[in-house]
Amino acid sequence: MNDFASAPVLDTVQTTLNVMDPAIDPLEQAGSISGAMVYGDLFAKAFFAKKGSALNRVKPEHIALGMRKIDAVSEREVVFDGRRMLMLSSNNYLGLASDPRLSGAGIQAIQAWGNSTSGSRLLNGTNELHEELERKLAKFKQLESVVAFQSGYMANLGAISALLSKDDVAIVDKLVHASILDGCTLAGAQVRSFKHQDMKSLERVLQEVGYKACKLIVVDGIYSMDGDFARLPEIMALARRYGARVMVDDAHATGVAGPHGRGTADHFGIDEPDIVTGTLSKAFGCIGGFVGAKKDVMEFIKYNSRAFIYSTSMSPAVTSALIKAVDIIENEQDKRINLWACTHHLLRGLKAVGFNTGVSETPIIPIILSEETTMFELVARLDADDIFASPVIFPACPRNKPRVRISLSSEHTIADMDRVIESCERHGRAMGLIH
Ligand SMILES: Cc1ncc(COP(=O)(O)O)c(C=O)c1O
């Protein structure tokens, strides 16, 4: 007897299994057999999309808006469906994703080093490109030591899981990135959260945890769905008072924020916190991540981070392109200046016509609405105007605050911003969102 046979609803299960035609996508069949229960089949969860999941809540035409297949990219536009569209959805903050200087460096590295390192950094996967990139990132971020990871997700996973264990406490802002929470899970650490940006709530948690446990406060530098800066100076002061360390995920701020583009600490004019992580896929225009801290801490992370040890290192093409990216980010301030000029112009314009952009103060600008269908309609109307913005729904944001998420690039122009404001205003009025 197999597991199905021991289930109390055997008849229903067999009927269910019989109607499943293997030639047809199970998800397509699910509608006709919904309501039936399947015990003991691991794939049942896949066949019956969970009630309340985004797939069930959202109309097919809305799902299509979230998965538009892009045919070609330029700095500020994409080609989708045969149309050139203004791209307001990418993380290509400094236009480096298609910069030919990075591509050239990548091609040269492939010719010299091949396609892959074919090994983990601890074995055969370290070459001089990795070391040069890490030296340059450390100098740029003004950190004693930096280690490159294969993605920003792995940087967070690797740093947190190496440093924390079950007796330690991660104290996280409620809106931190998923990779931070996954790192805590992998570490088996205790997790306490505080209300988003609420320093009183953070202090309460620090008091409750007390002085005995080792504590790491973890925040994003810029929050990816709201576009606000972490209140880093206050967080660091509280950390010092209660004996905690601070880690900032500077994924959206590195290359973008501060007079030198170093990130959140640079924005506030303060020293970097104890640990900084980030992605190399946004402002740096490639893929990869990094973790930086004091040298001893980085040595510890290197030799204790499963994400670092048990995975092939960054490819030569990517590493070489990233070395070029650091040079450009350090030397070409104009890109950042234009990015912020566009940011301030768009924020001012959207607010002036009556949209709610929440607490955004950065190139991530949400138009916050109250209903998912209305939000999708606005995204669809912008799409019809050849403007590509992202629909964001729960669980990526609170259920009652779906949003059209806009993210800007240094390649945008003030004229682009005026076009976006005009289009949002016209549709917002037609839909009764603004008056
Ligand atoms: C705040 C934050 N941290 C980490 C990541 C993960 O970075 P990556 O895409 O390089 O894995 C992202 C990317 O979405 C992010 O927004």
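**Figure 1. Helix 7 packs its buried residues against two other helices in this predicted model.** The partners are helix 8 (128–141) and helix 16 (316–331). Leu102, Ala105, Gly106 and Ala109 are the buried residues in helix 7. Viewed down the helix axis, the buried residues fall within an arc of 100 degrees, so they line one face. An α-helix has 3.6 residues a turn, so residues three or four places apart point the same way. Pro100 and Gln111 are exposed, on the other side of helix 7.

**Figure 2. Length and end of helix 7 (residues 100–113).** Helix 7 has 14 residues. At 1.5 Å a residue, they should span 20 Å. The end C-alpha atoms are 19 Å apart, which agrees. Gly114 comes just after the helix. Its phi is positive, at about 85 degrees.

**Figure 3. An open sheet of 4 strands, in the order 1-2-3-12.** The pairing is mixed. Strand 1 (72–73) and strand 12 stand at the edges. Each has a single partner strand, so one side of each is left without a neighbour in the sheet. Strand 3 and strand 12 (residues 387–388) run parallel, joined by 2 bridges. In this pair, Leu86 stands opposite Ile387 of strand 12.

**Figure 4. The hairpin of strand 2 and strand 3.** Strand 2 covers residues 77–80 and strand 3 covers residues 83–87. The two run antiparallel, with 4 bridges joining them. Val79 stands opposite Arg84 in strand 3. Val78 has Met85 of strand 3 as its bridge partner. Between the strands lie 2 residues. Asp81, in the turn, has a positive phi of about 60 degrees.

**Figure 5. Strand 11 (residues 364–368) is mostly covered.** Of its 5 residues, 5 are buried. Both faces are covered. Ile364, Pro366 and Ile368 are buried on one side. Ile365 and Ile367 are buried on the other. Strand 11 is joined to strand 14 by 5 bridges, and the two run antiparallel. Ile364 stands opposite Ser407 in strand 14.

**Figure 6. The cis peptide bond between Phe394 and Pro395.** Omega is about 10 degrees. Most residues other than glycine have a negative phi, and most peptide bonds are trans. Pro395 sits in a loop. That loop runs between strand 13 (390–392) and strand 14 (403–407).

**Figure 7. Gln142, a residue other than glycine with a positive phi.** The phi value is near 55 degrees. Gln142 lies in the loop between helix 8 and strand 4 (145–149). It has 15 C-beta neighbours inside 10 Å. A residue is buried at 20 or more and exposed at 12 or fewer. Gln142 therefore counts as partly exposed.

**Figure 8. Asp386, in the loop before strand 12.** The loop lies between helix 18 (372–384) and strand 12. Phi of Asp386 is positive, near 65 degrees, in a residue other than glycine. Asp386 is partly exposed, with 16 other C-beta atoms within 10 Å. Strand 12 is the parallel partner of strand 3.

**Figure 9. The shell around the ligand.** The ligand is surrounded by 14 residues. Ser151, Gly152, Tyr153, Ala251 and Thr279 are the closest. Helix 9 (residues 152–163) gives the largest share of the shell, 3 residues. By class, the shell holds 10 polar, 2 nonpolar and 2 charged residues.

**Figure 10. The whole chain, as context for the close-ups.** The chain has 435 residues, and buried residues make up 44% of them. There are 19 helices and 14 strands. Take the contacts between residues at least 6 apart in sequence. Of these, 70% join residues at least 24 apart.

Definitions and conventions:
Residues numbered from 1 in each chain as written. Predicted model: local features only at pLDDT ≥ 70, side-chain atom pairs only at ≥ 80, totals over all residues. Contact = placed C-beta atoms within 7 Å. Pairing = 2+ DSSP bridges. Near = placed C-beta within 6 Å. Nonpolar A, V, L, I, M, F, W, Y, C, P; charged D, E, K, R; others polar. Expected span 1.5 Å × (residues − 1). Arc of directions from axis to C-beta.
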